[in-house]
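Biologist: I would like to learn how to read a structure like this one feature at a time. Could you take me through it?

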Amino acid sequence: MNIDEILSPERACSNLQASSKKKAIELVSEKISLSLPQLKSGHMYRGLIDREKLGTTAIGEGVAIPHCRLDDCQQITGGLFVFNTSIDFSAPDEKGVNIIFALVVPKHESSQHLKTLSALANFFSKPSNRYELLNAGNDQKLYHAALKIGAGQ
């Protein structure tokens, strides 16, 4: 997986604020749907929240990868979001989440969905990657940091 295949500059947002997991997912859904209007933010929100109810998508070390399948989705789509304050995602390590990589996939997609999740988990497992994203400072730098890190994987 190349990160530039699923992430665009419009879907890399830093310096965000949210008071809860639900508010963060609502914001993420809105931001993604702004760049892809065929993906309705309400549908995406419900899909991400329904998946979250099955079990946390937090993977630890301040990262969550909420994901869902949607009928309206034509290709695997991601959004990278960095929050200024930690959000409780019921992470296995009990740490708050500052980095969210939301993933929306076509309803029929399964194997590529799992491969992408695995690649993202590997991407975020490296402390230097998380550090660089957390310290990017603005949306443009965040996007370019993700591309640079992704190219080195």
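Modeller: We will go from the whole chain to one helix and then to single residues. First the ground rules: this is a predicted model, where local features need pLDDT of at least 70 and side-chain atom pairs count only at pLDDT 80 or more, while totals for chains, interfaces and linings use all residues. Residues are numbered from 1 along each chain as its sequence is written, and side-chain values use heavy atoms, with hydrogens and water left out.

Biologist: How many helices and strands does the chain have, and what pattern do they follow?

Modeller: Helices (H or I, at least four residues) and strands (E, at least two) are DSSP runs, numbered from the N terminus. Here there are six helices and six strands. Along the sequence they give α-β-α-α-β-β-β-β-β-α-α-α. The chain is as compact as a globular protein of its length, because its radius of gyration of 14 Å is close to the 15 Å that the globule rule gives for 153 residues. That radius is taken over C-alpha atoms, and the rule is 2.2 Å times the number of residues to the power 0.38. The C-alpha atoms fill a box of roughly 35 × 30 × 25 Å along the principal axes.

Biologist: What percentage of the residues is buried?

Modeller: Buried means under 20% relative accessible area, exposed over 50%, and partly exposed in between (1.4 Å probe, protein chains only). In this chain, 49% of the 153 residues are buried. For the surface, accessible areas come from the Shrake-Rupley method with a 1.4 Å probe, and for residues only the protein chains shown count as cover. The chain exposes about 7,500 Å², with carbon and sulfur atoms supplying 49% of it.

Biologist: And what share of the contacts joins residues 24 or more positions apart?

Modeller: Contact means heavy atoms within 4.5 Å. Of the contacts with a separation of 6 or more, 70% are between residues 24 or more positions apart.

Biologist: How many charged side chains are there, positive and negative?

Modeller: Lys and Arg count as positive and Asp and Glu as negative, leaving out His and the chain ends. A charge is placed at NZ of Lys, CZ of Arg, CG of Asp or CD of Glu. There are 17 positive and 16 negative side chains, and the centres of the two sets lie 1 Å apart.

Biologist: Now a single helix. Which residues of helix 5 are buried?

Modeller: The general idea is that an α-helix has 3.6 residues a turn, so residues three or four places apart point the same way. In helix 5, residues 127-134, the buried ones are N129, R130 and L133. Seen down the helix axis they fall within an arc of 95°, so they line one face of helix 5. The arc is that of the directions from the helix axis to the C-beta atoms. P127 and Y131 are exposed on the face turned away from the buried side.

Biologist: What covers the buried residues of helix 5?

Modeller: The cover includes strand 3 (63-64), strand 5 (77-87), strand 6 (97-106), helix 4 (111-125) and helix 6 (139-151). Take R130 as a case: at 10% relative accessibility it counts as buried. Beyond its neighbours within four places in sequence, R130 is in contact with E61, V63, I99, F124 and S125.

Biologist: Is I100 buried or exposed?

Modeller: I100 lies in strand 6 and is buried, at 0% relative accessibility. Not counting residues up to four places away in sequence, I100 touches A24, V28, A64, P66, G79, L80, F81, F83 and F89. I100 and A58 are 42 residues apart in sequence and 8.6 Å apart in space, C-alpha to C-alpha.

Biologist: What does A121 in helix 4 touch?

Modeller: Leaving aside neighbours within four places in sequence, A121 is in contact with I59 and I65. A121 is partly exposed, with a relative accessible area of 30%.

Biologist: What about L147 in helix 6?

Modeller: L147 counts as partly exposed at 23% relative accessibility. L147 touches I3 and D4, again not counting residues up to four places away in sequence.

Biologist: Finally, where does N15 lie, and what is its phi?

Modeller: N15 lies in strand 1 (residues 12-16) and has a positive phi of about 60° although it is not a glycine. S90, in the loop between strand 5 and strand 6, is not a glycine either and has a positive phi of about 55°.
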